[in-house]
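Please look over the sequence and the model below before reading on. The report that follows moves from the whole chain to single residues.

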Amino acid sequence: MTAITDVVNLDKEGEIAVLSINNPPVNALGIAVRQGIADGVTAACKDEGVTAIVIICQGRTFMAGADITKFGKPPREPGLGRVLEIIESSRKPIIAAIHGTAFGGGLETALTCHFRVAVDSARLGLPEVKLGLLPGAGGTQRLPRVVGVEKALKMITSGNPIGAKEALEDGLLDEIIKGDLLSGAVAFAETILSEKRPMLRVSEMNEKVEAARGKPEIFENFRKSIARKTRGFNAPEACVKTVEAAVNMAFGEGLKFERQQFEILMKGPQSAAQRYAFFAEREVRKIPDIPKDTPLHDIRKAAVIGAGTMGGGITMNFINVGIPVTLIEQRKDLLERGMGVIRKNYDISAARGRLTPKEVEERMSLVTGSVSIEEVADADIVIEAVYENMDLKKEIFSKLDRICKQDAILASNTSYLDVNEIADHTSRPESVVGLHFFSPANVMRLLEIVRGKKTSKSVIASSMALAKRINKIAVVVGVCHGFVGNRMFSQRTRETDQLILEGPMPPQVDKVIYDFGFPMGPFVLRDLIGLDIGWRKETSTGSTIREVLCELDRRGQKTGAGYYKYEAGSRIPIWDPEVEKLIFEFSEKNNIPRGEISGKEIIERSIYPIVNEGAKILEEGIANRPSDIDVIWLNGYGWPIYLGGPMFWADQVGLENILVTLKKFQERFGDLWKPAPLLERLVKEGKGFKDL
Ligand SMILES: NC(=O)c1ccc[n+]([C@@H]2O[C@H](COP(=O)([O-])OP(=O)(O)OC[C@H]3O[C@@H](n4cnc5c(N)ncnc54)[C@H](O)[C@@H]3O)[C@@H](O)[C@H]2O)c1
């Protein structure tokens with residue numbers, strides 16, 4: 001065996017050269033791998049005794065892409081483009097032998113090989129779009145030549161991989177290898193040599209791209225089909241344009257166009273934000289004072305108290321991954337209703353083909369309902385999801401304290417209440433933690449893990465591990481009213497409520513917020529989740545528009561009207577002159593002068609307070625780092641990923657600009673707008689949140 005570089009070896013199996021890459025963890029295409037491939041292929045080509053070359057990887061995967069930590073830094077030679085030229089122009093056939101994932105640069109490398117084989121568990125894809133980029137090493141030019149234009153458009157703009165079977169059907173693979181990959185790939189090489197199969201260079205395969213030439217409608221229809229999903233993003237359109245170039249330009253020209261488009265995206269703000277978000281989601285797993293080897297609680301059985309909106313969804317998270325749940329309700333009819341909702345959700349998934357009827361039954365068999373809280377005695381974790389009422393929660397926790405095993409984790413799904421106060425109502429506050437799921441809990445990926453003053457490190461570490469098991473993105477936060485997400489979000493709610501009294505009507509505010517990049521505006525959102533959350537008829541005083549609407553039984557979509565009205569069975573909001581009249585009257589009655597307010601001011605007034613609150617949260621140590629706050633907003637509140645999150649975005653806007661505007665608003669509206677001291681300090685020091 002000859003070592004070409006530290007991470008690439010060249011070997012021979014009879015007349016077949018085997019170029020083997022071993023660059024853990026994912027064989028990223030760093031400089032040592034690129035150099036090794038370039039030199040290894042060149043050496044094998046020169047070797048008279050070699051008739052074909054197999055490129056294969058050690059460890060858990062084929063080359064899973066470029067080294068993303070090096071993105072944005074000056075590339076070292078040989079660049080990937082040069083290496084791929086060397087592979088494709090080889091006079092001896094090169095076979096990519098794929099296992100694990102061939103993603104991004106990995107698949108682009110495989111596409112320059114003359115044949116591709118894989119094990120049947122392999123997955124192939126070009127995920128660059130998810131980082132605001134496009135495949136910049138020929139992927140957009142070669143993939144359509146192999147799988148056809150429509151399939152390539154779909155793969156490149158979604159970034160989603162396909163499995164080996166599909167890849168074989170699409171011609172992206174030549175064979176699926178059963179058994180040992182290396183021997184299968186070598187045998188494949190011997191077969192193609194003995195059959196004298198023509199060597200295929202993808203860059204010369206023009207049939208599939210020519211078939212789409214002169215048919216611009218293919219692209220127009222495709223653009224329409226992804227418009228809603230990709231609203232606001234630059235990369236998907238650049239991907240479509242480069243595939244269009246593959247169809248309409250000669251290969252070399254197309255490659256240049258791809259490079260140029262790649263550079264534009266790489267230097268642009270959206271990719272910077274998306275790459276930041278990618279790293280933020282990894283960073284969030286690190287808790288500064290909790291070592292990796294902290295002992296974990298063994299969680300085999302769970303219990304959930306309350307089978308309402310949240311309890312049902314939380315239960316589904318556990319049974320989806322095979323953890324049995326005891327679900328407790330206060331009455332039999334409520335329990336049956338809760339269980340019924342869970343079953344209905346699964347039945348919908350089954351009807352959509354996402355689950356088989358057998359899987360539905362398997363999952364349902366993992367829930368045991370009961371109206372006796374004593375049944376939670378053997379649970380390793382209990383999650384309380386009863387009404388948002390401190391006295392009730394205290395009562396439940398003192399019962400849990402009496403009933404539960406000594407090492408059980410006792411969690412509350414409270415949205416706002418003081419987890420320390422709840423914990424102190426037990427004899428084991430170290431076992432108590434907040435696990436704040438988001439609605440719908442079976443869908444939303446965010447989980448705030450609320451760390452009480454006395455919560456043990458092991459309970460926090462176990463909650464993190466559990467979150468991973470149930471496919472959540474967990475962020476550890478401290479105790480305060482509303483924790484991180486809701487505390488910041490209520491700032492926006494307060495201000496948008498105020499804005500409609502001063503000038504713009506809900507549709508105008510909604511449009512500005514939607515155009516900013518949120519999935520919907522605040523009033524459409526309120527109608528969706530219901531205006532009456534936390535509202536009681538008995539205590540309602542008509543002191544806000546929301547209360548007035550609730551009193552009129554306009555509680556949102558569920559009652560057919562809220563801020564907007566809805567036709568029967570429709571979710572499309574229709575602006576209602578009745579509400580306009582009501583808002584005008586409300587402003588007048590409260591002596592609030594109305595006038596024009598620009599879109600710019602709507603953004604400043606609804607988003608800057610979010611940033612200011614974030615700064616206070618950091619100062620108080622409620623969040624560990626600015627990027628943790630951004631992870632919360634990206635995954636729980638619909639902040640557009642191409643703007644990175646409120647703290648990242650604030651740095652882009654410039655903290656100084658934000659500070660000046662906050663001070664201006666402080667003069668106009670009072671101390672609610674007082675800038676956070678941290679913001680003042682960062683501006684004084686010429687720093688951003690990124691420097692914390
Ligand atoms: N709905 C949301 O969007 C949301 C999001 C995050 C957190 N939360 C929090 O989750 C908790 C539950 O909210 P929800 O929206 O699911 O409320 P919900 O009213 O839909 O459900 C609460 C359930 O608890 C049951 N319950 C009440 N007392 C009980 C008792 N003593 N024993 C057993 N069951 C009892 C009720 O019968 C009801 O079914 C609250 O603390 C809320 O703040 C809600």
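Two residues are said to be in contact when heavy atoms of theirs lie within 4.5 Å of each other. With that cut-off in mind, and remembering throughout that this is a predicted model, we can begin with one residue and its surroundings. Leaving aside neighbours within four places in sequence, Arg428 is in contact with Leu400, Asp401, Cys404, Lys405, Gln406, Ala408 and Leu410. Arg428 itself belongs to the loop between α17 (419-423) and β16 (432-437), and with a relative accessible area of 1% it is buried. One of these partners, Asp401, also offers its backbone oxygen, which lies 2.7 Å from a polar atom of the Arg428 side chain. Another residue of interest here is Asp407, which is 21 residues from Arg428 in sequence, while the two C-alpha atoms are 9.6 Å apart in space.

**The chain as a whole**

The protein chain contains 28 helices and 18 strands. Its radius of gyration is 29 Å, close to the 26 Å that the globule rule gives for 692 residues, so the chain is as compact as a globular protein of that length. Measured out along its principal axes, the C-alpha trace spans about 90 × 60 × 55 Å. Buried residues make up 55% of the 692 residues, and the surface that the chain exposes comes to about 31,100 Å², of which carbon and sulfur atoms supply 52%. Among the contacts with a separation of 6 or more, 71% are between residues 24 or more positions apart.

**Helix α24 and its partner Arg487**

Is helix α24 largely enclosed or largely open to the outside? Of its 21 residues, 17 are buried, so the helix is largely enclosed by the rest of the structure. Helix α24 covers residues 599-619 and reaches 30 Å from its first C-alpha to its last, which is close to the 30 Å expected at 1.5 Å a residue. The helix nevertheless has a kink of about 25 degrees at Ile607, shortly before the proline Pro609. Just after the helix, Gly621 takes a positive phi of about 75 degrees.

Which side chain forms a polar contact with that of Glu613? It is the side chain of Arg487, and the distance of this polar contact is 2.8 Å. Arg487 is placed in another helix, α19 (residues 485-502), and it is buried, with a relative accessible area of 10%. Not counting residues up to four places away in sequence, Arg487 touches Glu613, Lys616, Ile617, Glu620 and Ile622, as well as Cys480, His481 and Gly482.

**A fully covered alanine**

Ala167, found in helix α6 (residues 164-170), has 0% relative accessibility and therefore counts as buried, since the cut-off for that word is under 20%. Its contacts, again without residues up to four places away in sequence, are Leu124, Ile162, Leu172 and Leu173. Arg123 is 44 residues from Ala167 along the chain, and their C-alpha atoms are separated by 8.4 Å.

**Unusual backbone angles**

Most residues other than glycine have a negative phi, and most peptide bonds are trans. The table collects places in this model that depart from that pattern.

| Place | Feature | Value |
|---|---|---|
| Glu77 to Pro78 | cis peptide bond | omega about -5 degrees |
| Ser439 to Pro440 | cis peptide bond | omega near -10 degrees |
| Asn471 | positive phi, not a glycine | phi about 65 degrees |
| Asp553 | positive phi, not a glycine | phi near 60 degrees |

Where do these residues lie? Pro78 is found in the loop between β4 (52-57) and α2 (80-88), whereas Pro440 lies in the loop between β16 and β17 (446-451). Asn471 has its place in the loop between α18 (457-469) and β18 (473-478), and Asp553 lies in the loop between α22 (545-551) and α23 (577-589). As for the surface, Asn471 is partly exposed, with a relative accessible area of 49%, and Asp553 is likewise partly exposed, with a relative accessible area of 42%.

Notes
Residues numbered from 1 in each chain as written. Predicted model: local features only at pLDDT ≥ 70, side-chain atom pairs only at ≥ 80, totals over all residues. Heavy atoms only, no water. Helix = DSSP H or I, 4+ residues; strand = E, 2+ residues; numbered from the N terminus. Expected span 1.5 Å × (residues − 1). Bend = angle between axes of the 7 residues up to and from the residue. Buried < 20%, exposed > 50% of the residue type's maximum accessible area, 1.4 Å probe, protein only. Rg over C-alpha atoms; globule rule 2.2 N^0.38 Å. Areas by Shrake-Rupley, 256 points an atom, 1.4 Å probe, with all protein chains shown as cover. Polar contact = N/O pair within 3.5 Å; in protein donor to acceptor, adjacent residues only side chain to side chain.
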